[in-house]
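Student: I would like to go through this model and ask what stands behind each label put on it.
Tutor: Then look at the structure and ask.

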Amino acid sequence: MTQANDPATPASDFIRDRIRADLQSGKVKQVVTRFPPEPNGYLHIGHAKAITVGFSIAQEFGGRCNLRMDDTNPAAEDQEYVDAIKEDVRWLGFQWDAMYYAADYFGQLYAWAEQLVEKGLAYVDDQDADAIAASRGTLTAPGANSPCRDRSPADNLRLLREMKAGRFRDGEKVLRAKIDMAHANLNMRDPVMYRIRHMHHQRAGAAWCIYPMYDWAHGQSDSIEGITHSLCTLEFEHHRPLYDWFCDALGIYKPQQIEFARLNIEHMLTSKRKLLQLVEGGVVQGWDDPRMPTLRGLRRRGVPPEALVAFCKHVGVAKFNSTHEIGLFDFHVRDWLNKHAQRRMAVLDPVKLVIDNWPAGHVEWVEAANNPEDPAAGVRKLPFRGELWIERDDFMENPPKDFFRLGPGREVRLRCGWFVTCTSVDKDAAGNVTAIHCTYDPATKGGNAPDGRKVKGTIHWVAAADAVEADVRVYEHLFTSPDPASADGGDFLKLVNPNSVRTVRAKLEPSLRDAQGGERFQFERIGYFYCDHKDSRPGAPVFHRTVGLKDSWQKAQAKATPKGGAPAGKKG
RNA sequence: UACCCCGUGGUGUAAUCGGUAGCACAGCAGGUUUUGGUCCUGUUGGUUCCUGGUUCGAGUCCAGGCGGGGUAACCA
């Protein structure tokens with residue numbers, strides 16, 4: 001899809017083609033779409049695609065897009081989700097033209113139901129759920145008519161009114177459309193329109209004890225709102241004939257339903273049921289755990305909404321059931337963050353670097369650009385001293401020739417500081433390096449040698465005496481398998497990555513002490529990090545790794561040691 | 001043993017009224033670089049699922065296969 005990268009080229013796909021045709025033929029004057037979530041859970045990355053499709057299509061064609069709660073089932077829904085959904089849609093950067101609730105149409109829906117009853121197109125069925133299921137037939141066998149199917153319109157009307165009046169218990173009766181029990185499409189085998197639920201509705205209150213089913217509510221809701229193109233996912237394809245049937249039977253305006261494939265991404269799950277299992281099973285900390293594909297999780301991970309939307313636009317819309325490489329998602333996250341995140345220095349796996357010829361107790365303030373991609377981001381000053389923290393894997397005692405970092409006798413540049421040459425190392429009894437000694441060249445302040453000599457490597461550092469300590473949570477894929485949904489025996493929990501989060505106590509440059517929840521940074525040479533808006537406290541920030549920087553050194557190492565061996569360039 | 005939908009390089013996706021395959025990511029190679037990041041340049045990958053047919057010409061139309069997905073909640 002080129003449209004995401006080239007705004008001059010309008011997006012092209014089967015839905016937009018259809019809309020253009022409808023606009024040209026005059027069938028449609030102004031495009032109206034909608035995003036119709038059921039408030040029974042939190043939105044996830046799959047919804048982000050649906051939201052992006054609905055809103056951006058409306059935008060592109062100068063139309064409108066509504067947000068509508070598909071709240072027809074009081075047993076599953078909750079006001080908390082209504083609020084969360086609104087917040088998440090706004091977070092993504094979209095603003096709906098109108099906010100609607102299917103529950104507000106209950107009155108109209110009921111009036112229409114009486115119409116169908118009067119026309120002989122709907123009847124009250126006394127059978128219970130099991131009997132109805134049993135008589136529906138199977139995929140290959142036709143269903144059987146209900147004994148109540150030929151009830152007179154007058155009796156049906158009386159019964160329906162009694163249902164509404166609360167004369168019956170839950171499940172005792174149901175209103176069904178009278179269509180065709182032998183239809184090849186099971187949805188057309190006299191679908192249930194109303195069920196009895198003596199239950200409080202989070203919006204309608206106690207006004208109703210009969211609640212409409214999805215099929216009996218959705219198309220008419222679209223119709224009422226004047227939706228021109230009712231976009232939804234593929235699993236609703238078999239519902240379109242029913243959607244059309246109800247609108248036609250009622251003689252009301254009929255929107256055009258168009259289905260597209262839902263979003264699948266490697267290493268991610270987007271089934272509400274499975275996500276719930278992860279939360280309830282304590283596999284993750286909650287719906288907003290940074291490892292979750294929920295919008296709230298991605299947000300806490302530090303994913304910028306702009307990147308999420310760019311990804312969704314790039315992915316496009318089609319009917320083919322596809323799975324995207326997670327690398328494409330990462331690309332969009334890095335792409336936005338590279339341009340917008342300020343740079344900072346942080347050491348995740350620290351080892352002491354001692355500059356033996358540095359004047360005792362001396363501090364020098366060096367200048368660092370906040371973002372080389374954005375000069376307007378300005379500069380900041382960093383304290384430099386004779387004792388620094390550097391990354392443990394930026395040093396090797398016996399480095400290969402293509403290792404550009406520190407090693408005995410080797411010279412590197414300390415970012416924005418001086419050139420230093422390693423002279424010796426201290427080790428503990430077990431042979432672990434406890435400190436690295438070096439000398440610096442005073443003539444190389446700022447990072448350039450007047451004699452023109454070059455160094456191959458530049459490493460980051462934090463002055464030991466000024467370092468701020470903070471928890472940094474390093475995340476990896478929640479599932480080891482790229483396709484957790486098709487786990488053996490359906491047990492996707494076995495595929496949970498035991499190393500999906502690792503907390504390290506890192507040494508950060510002083511300015512990070514005042515990082516505010518919600519801020520994003522690039523820790524130079526490591527990755528992009530988000531200052532958690534939930535667990536951070538004043539003076540005690542907590543950071544989440546959003547995504548690592550591309551690391552061609554590590555990649556080359558991984559290739560050199562296919563399995564087993566620890567890659568020399570492994571970073572936090 | 002039904003019905004519906006789908007099938008283009010590794011992954012996605014594009015190709016006006018049928019005119020001979022583009023883009024992004026990934027990969028590879030090189031250049032730039034005080035982030036082994038970014039950026040720039042070049043480049044490897046496709047008999048457009050198969051077989052027939054229509055046509056001067058088919059990824060696009062037709063037929064038949066093959067493969068994948070979906071559907072049997074008083075859920076949405």
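The questions below concern a predicted model, and each answer sets a value against its cut-off.

Student: Why is Asp190 called buried?
Tutor: Buried means under 20% relative accessible area. Asp190 has a relative accessible area of 0%, so the word applies.

Student: Where does Asp190 lie, and what is its phi?
Tutor: Asp190 sits in the loop between β5 (174-177) and β6 (192-196). Its phi is near 45 degrees, a positive value in a residue other than glycine. Most residues other than glycine have a negative phi.

Student: Why is His267 called buried?
Tutor: The limit is under 20%. His267 has a relative accessible area of 14%, and therefore counts as buried. His267 belongs to the loop between β9 (256-260) and α9 (272-280). Its phi, about 65 degrees, is also positive, although His267 is not a glycine.

Student: How much of chain A is buried?
Tutor: Of the 572 residues in chain A, 52% are buried. The accessible surface of the chain comes to about 25100 Å², with 49% of that belonging to carbon and sulfur atoms.

Student: How do you know whether chain A matches a compact globule or departs from one?
Tutor: Compare the radius of gyration with the rule. A compact globule of 572 residues would have a value near 25 Å, but chain A has 31 Å. Chain A therefore departs from the rule for a globule. Along the principal axes, its C-alpha atoms fill a box of roughly 100 × 55 × 45 Å.

Student: What makes up the chain, and how far apart in sequence are its contacts?
Tutor: Chain A has 13 helices and 25 strands. Among contacts with a separation of 6 or more, 70% are between residues 24 or more positions apart.

Student: What makes an empty space a cavity here?
Tutor: A 1.4 Å probe must fit there but be unable to get out. A search of the whole structure finds 1 cavity of 30 Å³ or more. About 40 Å³ of space lies in the largest cavity.

Student: Which residues line the largest cavity?
Tutor: The lining consists of Met345, Leu382, Pro383, Trp461, Val462, Ala463, Glu509 and Pro510. At least two lining residues come from each of β14 (379-384) and β20 (462-463).

Student: How does the lining divide into nonpolar, polar and charged residues?
Tutor: The lining has 7 nonpolar residues, no polar ones and 1 charged. Glu counts as charged, so Glu509 is a charged residue of this lining.

Key:
Residues numbered from 1 in each chain as written. Chains lettered and ligands numbered in written order. Predicted model: local features only at pLDDT ≥ 70, side-chain atom pairs only at ≥ 80, totals over all residues. Heavy atoms only, no water. 1 Å grid on protein atoms, 1.4 Å probe; cavity = no way out; pocket = protein on both sides within 12 Å on 5 of 7 lines; lining within 4 Å. Points joined across faces, edges and corners; volume = space filled by probe spheres on them. Helix = DSSP H or I, 4+ residues; strand = E, 2+ residues; numbered from the N terminus. Rg over C-alpha atoms; globule rule 2.2 N^0.38 Å. Buried < 20%, exposed > 50% of the residue type's maximum accessible area, 1.4 Å probe, protein only. Contact = heavy atoms within 4.5 Å. Areas by Shrake-Rupley, 256 points an atom, 1.4 Å probe, with all protein chains shown as cover.
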